[in-house]
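Welcome, and thanks for taking a look at this one. Below is a short tour, from the overall fold down to a few individual residues.

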Amino acid sequence: MDVDNGDGGGLSSSMDIEQSLLQQFSCLGTTDKDELVQQLQKLLGSPKHLNYSTAAFFLDMNNWNLQAAICSYLDVEAPNTPPLMALVSDPDASETESIEPNTQFQKAWHISNSGKESWPVGCFIQCSDGDTFGAERIYLPALQPGQSTYVIVAMHSPPMPGIYQSKWRACTPAGSYFGDPMWVILTVVEQGTIELTEQLSHFSELGAIRPLVPQVPNPFIPHYIHRENKDSAPTDGHF
């Protein structure tokens, strides 16, 4: 579509983008799939804007034709405003949380739609960096602006002790990242360490307060002597 800008008409911004891209890849030719993915990422911005799996998806959908993949991507992504997501709270966030090897656990995040548009159906979160802890992608509800939800992911701790971390991001149905990053930081300790620590803590609590020991009369002294001593004890402090 032509836009009248006072100088006889010019191409719209979308046509300018497509024409510029066509000029850039018109001389490119390769059949290597990894190279095609890198070229698509470079032409459309950067790997941070378009991850590897999304680039490969559009290329595969278009029989690894670079020009067709770019046109498909622009048709799907360019007209749409990226969703917005805010991390409201991370209830389990603690670098001191410890867990034993090969243990199942759950990670929860409280997120919200911080934008002015509803999320499209099919958004999800997935691990973008670090250890996945055996977790798969989790699909998100199509939140309305201002709505929030808790995302709960079932995970499994690694078999070896150490400190592990995992970065998770929300993705559009096409796989483009958006919103605040979410983290999992896990300290895996040796088997039995947590139980031993709890036992030591319990013993420490027992020793913190000295119990009151009642005075028990000597069984070898006749009862009446105890009573006489009690009755004859001075009450004014004088003997």
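## Overall picture

A residue is called buried when its relative accessible area is under 20%, exposed when over 50%, and partly exposed in between, using a 1.4 Å probe and protein chains only. By that yardstick, 31% of the 239 residues of the protein count as buried. This is a predicted model, in which local features need pLDDT of at least 70 and side-chain atom pairs count only at pLDDT 80 or more, while totals for chains, interfaces and linings use all residues. Residues are numbered from 1 along each chain as its sequence is written, and side-chain values use heavy atoms, with hydrogens and water left out.

The protein has six helices and ten strands; these are DSSP runs numbered from the N terminus, with helices (H or I) of at least four residues and strands (E) of at least two. About 16100 Å² of the protein is exposed, and carbon and sulfur atoms supply 54% of that area (Shrake-Rupley method, 1.4 Å probe; for residues, only the protein chains shown count as cover). A contact here means heavy atoms within 4.5 Å. Among contacts between residues at least 6 apart in sequence, 63% join residues at least 24 apart.

## The sheet

Let us turn to the strands. Five of them form an open sheet with mixed pairing, in the order E4-E10-E9-E6-E7; two strands pair if DSSP finds at least two bridges between them. The edges are strand E4 (98-99) and strand E7 (138-139), each of which pairs on one side only.

At one of these edges, E6 and E7 run antiparallel and are joined by two bridges. Phe124 stands opposite Tyr139 in E7. The loop between E6 and E7 holds Phe133, a residue we will come back to.

## The nonpolar cores

Which residues have the most contacts inside the largest nonpolar core? They are Trp109, Ile125, Met155 and Trp168, in a core of 24 residues. A nonpolar core is a set of buried Ala, Val, Leu, Ile, Met, Phe, Trp, Tyr and Cys residues joined through side-chain atoms within 4.5 Å. Two or more residues of this core come from each of strand E5 (104-113), strand E6 (124-130), strand E8 (148-156), strand E9 (162-171) and strand E10 (177-188). E10 gives the most, with five residues. There is also a second, separate core of 16 residues, with Leu36, Val37, Ile70 and Ala174 among them.

Ile125 is a good place to zoom in. Leaving aside residues up to four places away in sequence, Ile125 touches Trp109, Arg137, Ile138, Leu140, Val151, Val153, Trp168, Arg169, Ala170 and Met182. One of these partners, Val151, is found in strand E8 and counts as buried at 4% relative accessibility. Val151 and Ile125 are 26 residues apart in sequence, with their C-alpha atoms 9.0 Å apart in space. With the same sequence neighbours left out, that is, residues up to four places away, Val151 touches Lys107, Ala108, Trp109, Ile111, Ile125, Ile138 and Leu140.

## Salt bridge and cysteines

Lys107 has a further role in this tour. The structure holds one salt bridge, meaning a side-chain nitrogen of Lys or Arg within 4 Å of a carboxyl oxygen of Asp or Glu. It joins the side chains of Asp90 and Lys107 at 2.9 Å, N to O. The pair links distant parts of the chain, 17 residues apart: Asp90 is in the loop between strand E3 (85-89) and E4, and Lys107 is in strand E5. Asp90 is partly exposed, at 22% relative accessible area, whereas Lys107 is buried, at 5%.

Disulfides, defined as pairs of cysteine sulfur atoms within 2.5 Å, number zero. Cys71 is partly exposed at 32% relative accessible area, while Cys127 is buried at 19%.

## Unusual backbone angles

Most residues other than glycine have a negative phi. Trp64, although not a glycine, has a positive phi of about 60 degrees. Trp64 is found in the loop between helix H3 (52-61) and helix H4 (66-77), and is partly exposed with a relative accessible area of 21%. H3 is also followed by Asn63, with a positive phi near 55 degrees. Within H3, the buried residues are Thr54, Ala55, Ala56, Phe58 and Leu59.

Phe133 is another non-glycine residue with a positive phi, about 55 degrees. Phe133 counts as buried, at 2% relative accessibility.
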